[in-house]
Every structure is written in structure tokens, then in C-alpha cells.
Amino acid sequence: MADTQTRIGLWRPQLGIANGRGGLHVHYALHIDEGDFDGALAMLRDHGYDPEIVSFDDNGRGRSFYVSDPDGNVVECWTWDVKGHLTP
């Protein structure tokens, strides 16, 4: 069940950030604290991943990074806490 802090998005097939194929793959988006962001990037790079970094700071939505898992699904970690965006 989706709660007030969960967002489920359904998209038509499209090419998106980090070669995302909206509607054709699974995209996991997870919140990460700003203070943990750089350490998580370093850990991924140490394990052979090359995350794509996107900054949304120009509109106050923080920054995120995207990597593809071994099955080709996109995993996103985003510093913006969407719970305020999702509350009616």
C-alpha cells in the first residue's frame, strides 16, 4: 500500500535522465540526506559505478544521482524530501 510519503509514477515510454526509459523499466527513487550524498557517491564509484548527478538546486529541490543496477533498472537517490510535495 502506498502511504502519504510514497509516490508512484506511471509514464509513457520516453528517454529520460540517466538514459531512463520511462514506462519500459523499473525506476527506484529513494530519499537520501544531503549529508550522506557525497559519501554514497564515493561508495558507488569505489564499487565501479559511474552515477549521473543532476542538480535541482535552482528550484530548491536539491540534487540526485542515478545509476543502473545489473538488471538495467534505474536507481535514483534524491536529497529533496517529497513528503511535503505529496501532502494534500
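The following paragraphs describe a sheet, a helix that packs on it, and the salt bridges that join the two. The structure is a predicted model, and residues are numbered from 1 along the chain.

The sheet is a suitable place to begin. Four strands form an open sheet in the order 3-6-5-4, and their pairing is mixed. The edges are occupied by strand 3 (27–31) and strand 4 (52–55). Each of these edge strands has a single partner strand, so one of its sides has no neighbour in the sheet. On average, neighbouring strands of the sheet are turned by 20° against each other, with direction ignored.

Strand 5 (residues 63–68) deserves particular attention. Strand 5 and strand 6 (residues 74–78) run antiparallel and are joined by five bridges. Within this pairing, Phe65 stands opposite Cys77 in strand 6. Helix 1 packs on the sheet, where it touches strand 4, strand 5 and strand 6. The direction of helix 1 makes about 25° with that of strand 5.

Side chains also connect helix 1 with strand 5. How many salt bridges does a search of the whole structure find? The search finds two. One of them is formed by Glu34 and Arg63, whose closest N and O atoms are 2.6 Å apart. This pair links distant parts of the chain, as Glu34 belongs to helix 1 (residues 34–46) and Arg63 to strand 5, 29 residues apart. Asp38 also forms a salt bridge with Arg63, and here the closest N and O atoms are 3.2 Å apart. Again distant parts of the chain are linked: Asp38 lies in helix 1 and Arg63 in strand 5, 25 residues apart. Glu34, Asp38 and Arg63 are thus linked in a network of salt bridges.

Which of the words buried, partly exposed or exposed applies to each residue of this network? Arg63 counts as buried because its relative accessibility is 18%, and the term requires a value under 20%. Glu34 has a relative accessibility of 41% and therefore counts as partly exposed. Asp38 is likewise partly exposed, since its relative accessible area is 46%. The network accordingly joins the buried Arg63 of strand 5 to the partly exposed Glu34 and the partly exposed Asp38.

Definitions and conventions
This is a predicted model: local features need pLDDT of at least 70, side-chain atom pairs count only at pLDDT 80 or more; totals for chains, interfaces and linings use all residues. Side-chain values use heavy atoms; hydrogens and water are left out. A salt bridge is a side-chain nitrogen of Lys or Arg within 4 Å of a carboxyl oxygen of Asp or Glu. Helices (H or I, at least four residues) and strands (E, at least two) are DSSP runs, numbered from the N terminus. Buried means under 20% relative accessible area, exposed over 50%, partly exposed in between (1.4 Å probe, protein chains only). Two strands pair if DSSP finds at least two bridges between them. Axes are lines fitted to C-alpha atoms, for helices over the stretch in contact, and angles run from 0 to 180 degrees between N-to-C directions. Contact means heavy atoms within 4.5 Å.
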